[in-house]
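Reader: Before I use this model, I would like to go through the terms applied to it and hear what each of them rests on.

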Amino acid sequence: MKKDEVIDLAHNLNISSEDFVILSSSALVIRGILEQAGDLDIAVTKNGLEELGKKYPLKQKENGWFIVNDKVECVLDDMEGRKEKVEGIYLVDINDYLNYLESSSREKDKLRIPLVKEYIKNR
């Protein structure tokens, strides 16, 4: 999904922008760091999770995340103090995301580190 698709998908969840934060590759797409994302991962408040549960048949995974639909997954976390507003949408704080990437052992995360560092340097 390209930037416009990610933003449309987030808005079409029909929950308050105060009740979710975009994570992972989708947050990088919105910032222009990556061209596209495969899905939309979000952190939601308790209220956000309840609202999603009214609209979608949420399925909890073993790792605590919920499958919302074939393009969206969420985790319960208000992300208080660890988010920033970009283009009117809350995204995971870029420095927190860099810390996550640096602690990850996944190859795709390691490949994102120089991209995120460059973005931070040039902002």
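Author: What follows is a set of questions and answers on a predicted model, in which each term is set against its value.

Reader: What makes the protein chain as compact as a globular protein of its length?

Author: The protein chain, which has five helices and seven strands, has a radius of gyration of 14 Å, and the globule rule gives 14 Å for 123 residues, so the chain is as compact as a globular protein of that length. Along its principal axes, the C-alpha trace spans about 40 × 30 × 25 Å.

Reader: In what order do the helices and strands come along the sequence?

Author: The pattern of the protein chain reads α-β-α-β-α-β-β-β-β-β-α-α. As for contacts with a separation of 6 or more, 57% of them join residues 24 or more positions apart.

Reader: How much of the protein chain counts as buried, and what is its accessible surface?

Author: Of the 123 residues, 46% count as buried, while the accessible surface comes to about 7000 Å², with 47% of that surface belonging to carbon and sulfur atoms.

Reader: How far apart are the mean positions of the positive and negative charges?

Author: For the 19 positive and 24 negative charges of the protein chain, the mean positions are 2 Å apart.

Reader: Why is α2 called largely enclosed by the rest of the structure?

Author: Buried means under 20% relative accessible area, and eight of the eight residues of α2 count as buried, so the helix is largely enclosed by the rest of the structure. Among these buried residues are S24, A27, L28 and R31. After α2 comes G32, with a positive phi near 85°.

Reader: How do you know that S24 is buried, and what is its phi?

Author: S24, which has its place in helix α2, has a relative accessibility of 14%; the cut-off for buried is under 20%, and therefore S24 counts as buried. Its phi is positive, about 55°, although S24 is not a glycine.

Reader: Which value of phi does M79 have, and is M79 buried or exposed?

Author: M79 is a residue other than glycine with a positive phi near 55°, and it is found in the loop between β5 and β6. Its relative accessible area is 7%, which is to be set against the limit of under 20%, so M79 is buried.

Reader: Why is D109 called buried, and which residues does it touch?

Author: D109 is found in helix α5, and because its relative accessibility is 0%, D109 counts as buried. Leaving out residues up to four places away in sequence, D109 touches Y100, L101 and S104.

Reader: What makes the approach of D109 to S104 a polar contact, and with which other side chain does D109 make one?

Author: A polar contact requires a pair of N or O atoms within 3.5 Å, and the side chains of D109 and S104 make such a contact at 2.6 Å. The side chain of D109 also makes a polar contact with the side chain of R106, at 2.8 Å.

Reader: Where is S104 found, and how do you know that it is buried?

Author: S104 is found in the loop between α4 and α5, and at 13% relative accessibility S104 counts as buried, the cut-off being under 20%. A polar atom of the S104 side chain lies 3.1 Å from the backbone nitrogen of R106. Beyond its neighbours within four places in sequence, S104 is in contact with D109 and K110.

Methods. Residues are numbered from 1 along each chain as its sequence is written. This is a predicted model: local features need pLDDT of at least 70, side-chain atom pairs count only at pLDDT 80 or more; totals for chains, interfaces and linings use all residues. Side-chain values use heavy atoms; hydrogens and water are left out. Helices (H or I, at least four residues) and strands (E, at least two) are DSSP runs, numbered from the N terminus. The radius of gyration is taken over C-alpha atoms; the globule rule is 2.2 Å times the number of residues to the power 0.38. Buried means under 20% relative accessible area, exposed over 50%, partly exposed in between (1.4 Å probe, protein chains only). Contact means heavy atoms within 4.5 Å. Accessible areas come from the Shrake-Rupley method with a 1.4 Å probe; for residues, only the protein chains shown count as cover. Lys and Arg count as positive and Asp and Glu as negative; His and the chain ends are not counted. The place of a charge is taken as NZ of Lys, CZ of Arg, CG of Asp or CD of Glu. A polar contact is a pair of N or O atoms within 3.5 Å; within protein, one must be able to donate a hydrogen and the other to accept it, and residues adjacent in sequence count only if both atoms are side-chain atoms.
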